[in-house]
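Subject: Structure handover

Dear colleague,

I am passing the structure below over to you. My notes on it follow.

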Amino acid sequence: MSDTVRDLVIIGGGPAGLSAAIYASRSMLDAVTLEREASGGQMVLTGEIDNYPGLPGTDGYGLAEAMRAQAEGLGAHLEMDLVTSVGRDEASGLFSVSTSTGVYQAKCVIAALGARPRRAGFEGEEEFTGRGVSYCATCDGMFYRNKHVFVIGGGNSAAEEALFLARIASKVTIVVRRDHMRAQTALVRRLESDEKVEIRYQTSVVAVEGGRLPSSITLRDNATGTLKVENHEEGSFGIFVLVGREPETELLGNLVERDESGYVVTDDRMATRTPGLFVAGDARRKPLRQIVTAAADGAVAATSAAAYLGLPVEG
Ligand SMILES: Cc1cc2nc3c(=O)[nH]c(=O)nc-3n(C[C@H](O)[C@H](O)[C@H](O)COP(=O)(O)OP(=O)(O)OC[C@H]3O[C@@H](n4cnc5c(N)ncnc54)[C@H](O)[C@@H]3O)c2cc1C
């Protein structure tokens, strides 16, 4: 980092940020991509990806690595750094991107911040996070080999992760708030035909208690309101909370407009209400949050940034 004013700072190294880095490199922008963890974002949490065009049955880590290598091969500059705030000086129009190591100055910013797991809200959730409560089956599933796991959630991610867990755990109990799962029918059929999987509809987890590790789980029958406490040997079971994700857009402050769920409102060029600030990927309001749409957003955002800077663009 120096006093240099860059063309572009890209925040986030998931598929949206890496795709933006690829397109920015090909447009010869002086850009840096800042990622607080390893590159790949949510892709690295995904064991198998079946819907990325041209790469059937690829694994998330492999796809993340391929995108990172492609970006670096094209000259993209990737740094591991946590961005803590973004500001814009009205007079100069320059952005200041503060990180845990310093401040970057840039003419444009693409925020590809993604989304984080949503909490389920039961008693004991915070206390047992990392000690029986997890938000990622791909990351933590192996700790539950031959144990009983509860999966909270009824969407596609919950269904996919429950199928993954069924290969490891002795039993998977899916706890679904409503009277049906929202996941794709094909996934629900696979769950229903898996003998290790039990689906409890109209049920919520209200509390998890225990010592160092959980030893009881309290379930509520949402139809009757009845509570049922299930006691288990301490540490013999786990809870995977897979109730969706929420955008991580706090660091953009008032520079952006958000919808009622916190997603950033952009136009179809990924532009926000602040000139030179673009938002791409899961963090923005859109109908489908997937790798392919994140990558497309990143490409559009980098192209829009180049156009904003008055540079020739691809396409
Ligand atoms: C379990 C699971 C399974 C999935 N399966 C599929 C699938 O099969 N097919 C599919 O297409 N999609 C799948 N998805 C969805 C897909 O992974 C996301 O839609 C996609 O990764 C979104 O990309 P993104 O770049 O917008 O955000 P992310 O992938 O979330 O990347 C955002 C990045 O920004 C970084 N970041 C955030 N804040 C900061 C900060 N302050 N400073 C620095 N860096 C920061 C994060 O660390 C992260 O790496 C799955 C998601 C999950 C969780």
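In what follows, contact means heavy atoms within 4.5 Å. The model is a predicted one.

Helices α5 and α6

By that criterion, Asn156, Ala159, Glu160, Ala162 and Leu163 of α5 meet Leu187, Arg190 and Leu191 of α6. The residues of this contact comprise 5 nonpolar, 1 polar and 2 charged. The axes of α5 and α6 lie 10 Å apart, and the helices pack at an angle of about 35 degrees. The crossing of α5 past α6 is left-handed.

Helix α5 covers residues 156–166, and 8 of its 11 residues are buried, so the rest of the structure largely encloses it. Those buried residues are Ala158, Ala159, Glu161, Ala162, Leu163, Phe164, Leu165 and Ala166. Ala159, Ala162 and Leu163 are thus on the buried list and also take part in the contact with α6. The cover over the buried residues of α5 includes the helices α4 (137–140) and α6 (185–192), together with the strands β9 (148–152), β10 (171–175), β11 and β15.

The open sheet

Strands β9, β10, β11 and β15 belong to an open sheet of 5 strands, which has the order β8-β15-β9-β10-β11 and parallel pairing. At its edges stand β8 (133–134) and β11 (197–200); each has a single partner strand, so one side of each is left without a neighbour in the sheet. For β8 the partner is β15 (residues 237–241), which runs parallel to β8 and is joined to it by 2 bridges. Val133 stands opposite Ile239 of β15.

Helix α1

Helix α1 takes in residues 15–26, which is 12 residues; at 1.5 Å a residue these should span 16 Å, and the end C-alpha atoms are 16 Å apart, which agrees. Of these 12 residues 10 are buried, so α1 is largely enclosed by the rest of the structure. The buried residues are Pro15, Ala16, Gly17, Leu18, Ser19, Ala20, Ala21, Ile22, Ala24 and Ser25. They pack against the strands β1 (5–11), β2 (31–35), β3 (77–80) and β6 (103–111), and against the helices α2 (60–73) and α7 (291–308). Just after α1, Met28 has a positive phi of about 65 degrees.

Regards

Definitions and conventions: Residues numbered from 1 in each chain as written. Predicted model: local features only at pLDDT ≥ 70, side-chain atom pairs only at ≥ 80, totals over all residues. Heavy atoms only, no water. Pairing = 2+ DSSP bridges. Helix = DSSP H or I, 4+ residues; strand = E, 2+ residues; numbered from the N terminus. Buried < 20%, exposed > 50% of the residue type's maximum accessible area, 1.4 Å probe, protein only. Axes fitted to C-alpha atoms, helices over the stretch in contact; angles between N-to-C directions. Left-handed = near helix turned anticlockwise from the far one by under 90°. Nonpolar A, V, L, I, M, F, W, Y, C, P; charged D, E, K, R; others polar. Expected span 1.5 Å × (residues − 1).
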